[in-house]
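Biologist: I am new to this structure and would be grateful for a close look at a single part of it. Please describe how that part is arranged, and then what surrounds it and what else deserves attention.

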Amino acid sequence: MMNKRFFRCGSRLLLLAAVLFVGTRCVTDNTSDTPGPTSGSGSTAGSDRELKEWMVDYMKEIYLWNEAMADVTPDYTLSYDAFLTKILEDIAAQGDINRDDGHWENGVRQYFYSNIQRYEKNDATTASVTRSTREMTEGTGITNVYVSLLMQHCIFILGGVSPSSPAGQAGLRRGDVIVEVDGEPIGATETQYNEAFNRIVYPSGQVTVSVLDASGSSSTEITYRSASYEDNPVWKYDVIPAGDAKVGYLCYDSFNRYYDDELLEVFDLFKAQGVDELLLDLRYNGGGYVVSSTMLATFVAGTAHKGEIYMRPIYNAERMASSSQSEAYRIGIAGSGDDAYDKIAVALDSSLGMERVYVLCSESTASASELLINGLRGLGIEVRLIGERTNGKNVGMEGISKSFGEYEYDFSPISFYSENAQGFSDYGDGFTPDVLAVEGALPIEDWGDPEDGLLALALEWIETGVQPTARTRSSSATAPRRTGLSVPHKSLEGTIICRELSDK
């Protein structure tokens, strides 16, 4: 039965199966916790010396490899962001001791995780979107895109669209196939489809796209623009039947503590419906707050694990020598002092007490999402992964903010490893999936649709009890290959310890 679900496709999917893929999902390559709309230029010598000294002082105290700062000579002539990069590179030159500060591919560091972002204090829109509450973000809401060649033109297949975003509210959904942008077909050359991609993801004003309908014979026009929107990470939840089992499905885009009440509503429903299995869709979840990750783990683990260690942050040697830095995050325990978060304890009342959980994952599954995988496994809960190898971010940060001149700066150097109850933190290369499944080679349908390729594999495993075989791309010359296209930074990424929680 499940095999029929996996292979049963409408005419639109049959059409897509016949095209030649020339690219796949475009993933963001940063892990900063804010978009940083004005970051990047910086000022030069003298004018921001105080800012840079503040950065150096904080790194000497909190950077995970702070002992290496003794052999760094800061170059105060550089702009603030280049200043940070130079310090990180100088530490890397000391035997690459900060190797875990950054994402690596093929032996090359692609970027550092430690980052600094700058915001104009007099920009009310920027302040409301990127600072303080982090309940909102700016953009179209399109987070992932595939590009494929069809005859002499390209098509775009949307991999991720935030339901609450301008694009989502206009009617765009994951799995939609865009065939025209502002009335023009998408050209087949790299320059042409890059230009079309930028128009749909970064429009300067209003943009209209033509979306292929289910029959594949006609299209519908949808118009939208970039704007500020509430960034609710609970993208989809449902109870899906799989044989005799009731499966609680949750597509969760980030661990944003300002939407933990919405997360509580989801698990209230799951508990009321008596779900037998839990399926978490974390394919594009780049992380967020540790307290929200602990809350989700509490929903999963339940009262049988109350008080057990979920995550222990491992700081630099100087901080670990202090008893005040020996805390741990525990299942169902609110914590104490500045780190107290009552919703973790409240979550116990709606917890499911699962012995296993299924997780849909990709290379964009990072930070607090990987913390969830590691933390649950540390409790002895089986975590079954379906998808691609995860990002491999086993470190986190404690951001600090300060105003200098007309700007405010968020500085987030890496400050701890995430260790589970069994003392394991060595997942810098990511977690290997139990079922390797490359999303670009499978049907891409909306969140929670049982016809979606990865979701279908998970439901097959649940219904039959038999682990599915891998679903990968062909190694032929016509196989999909990744593009260099880049989607906007997400509003919340990383593994973030938030001190002095004021809104519990």
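Modeller: Helices α9 and α12 are oblique to each other, a word kept for angles that are neither under 35 degrees (roughly parallel), nor over 145 (roughly antiparallel), nor 65 to 115 (roughly perpendicular). This is a predicted model, in which local features need pLDDT of at least 70 and side-chain atom pairs count only at pLDDT 80 or more, while totals for chains, interfaces and linings use all residues. Residues are numbered from 1 along each chain as its sequence is written, and side-chain values use heavy atoms, with hydrogens and water left out.

Two packed helices are described by the angle between their axes and the distance between the axes. The axes of α9 (residues 290-301) and α12 cross at roughly 40° and come within 10 Å; axes are lines fitted to C-alpha atoms, for helices over the stretch in contact, and angles run from 0 to 180 degrees between N-to-C directions. Helices (H or I, at least four residues) and strands (E, at least two) are DSSP runs, numbered from the N terminus. The crossing of α9 past α12 is right-handed, meaning that the near helix is turned clockwise from the far one by less than a right angle, whereas anticlockwise would be left-handed.

On the α9 side, the contact (heavy atoms within 4.5 Å) is made by Val 290, Ser 293, Leu 296, Ala 297 and Val 300. The residues of α12 that take part are Ala 368, Leu 371, Leu 372 and Leu 376. By class, the contact of α9 with α12 holds eight nonpolar residues, one polar and no charged. In this scheme Ala, Val, Leu, Ile, Met, Phe, Trp, Tyr, Cys and Pro count as nonpolar, Asp, Glu, Lys and Arg as charged, and the others, Gly among them, as polar.

The surroundings of α12 include a sheet. This is an open sheet of six strands with mixed pairing, in the order β13-β14-β15-β19-β20-β25. Its edge strands, β13 (234-242) and β25 (435-436), each pair on one side only; strands pair if DSSP finds at least two bridges between them. Within the sheet, β15 (residues 277-281) and β19 (residues 356-361) are joined by three bridges in the parallel sense, and Leu 279 stands opposite Tyr 358 in β19. Helix α12 (residues 368-378) packs on this sheet and touches β15, β19 and β20 (382-387), its direction making about 150° with that of β20.

Another pair of helices also has a sheet beside it. The axes of α3 (residues 49-62) and α4 (residues 80-92) come within 10 Å and cross at roughly 30°, and α3 passes α4 in a right-handed crossing. Here Leu 51, Lys 52, Met 55, Val 56 and Met 59 of α3 meet Tyr 80, Phe 83, Leu 84, Ile 87, Leu 88 and Ile 91 of α4. That contact divides into 10 nonpolar residues, no polar and one charged.

The sheet beside α3 and α4 is an open, antiparallel one of three strands, in the order β4-β23-β22. Strands β4 and β22 stand at its edges with a single partner strand each, so one side of each lacks a neighbour in the sheet. From one strand to the next the twist averages 20°. Helix α3 lies across β4, β22 and β23 and runs at about 165° to β22, while α4 touches β4 and β23, with its direction at about 175° to that of β4.

In this sheet, β23 is paired with β4 (residues 115-120) over six bridges and with β22 (residues 400-404) over five. Phe 411 of β23 is the bridge partner of Ile 116, and Ile 400 also stands opposite Phe 411. Five of the six residues of β23 (residues 407-412) are buried, so the strand is largely enclosed by the rest of the structure; buried means under 20% relative accessible area, exposed over 50%, and partly exposed in between (1.4 Å probe, protein chains only). In the hairpin of β22 and β23, which has two residues between the strands, Gly 405 takes a positive phi near 65°.

Most residues other than glycine have a negative phi. Asp 96, in the loop between α4 and β2 (103-105), has a positive phi near 55° and is partly exposed, with a relative accessible area of 22%. Asn 106, in the loop between β2 and β3 (108-111), likewise has a positive phi near 55° and counts as exposed at 81% relative accessibility.
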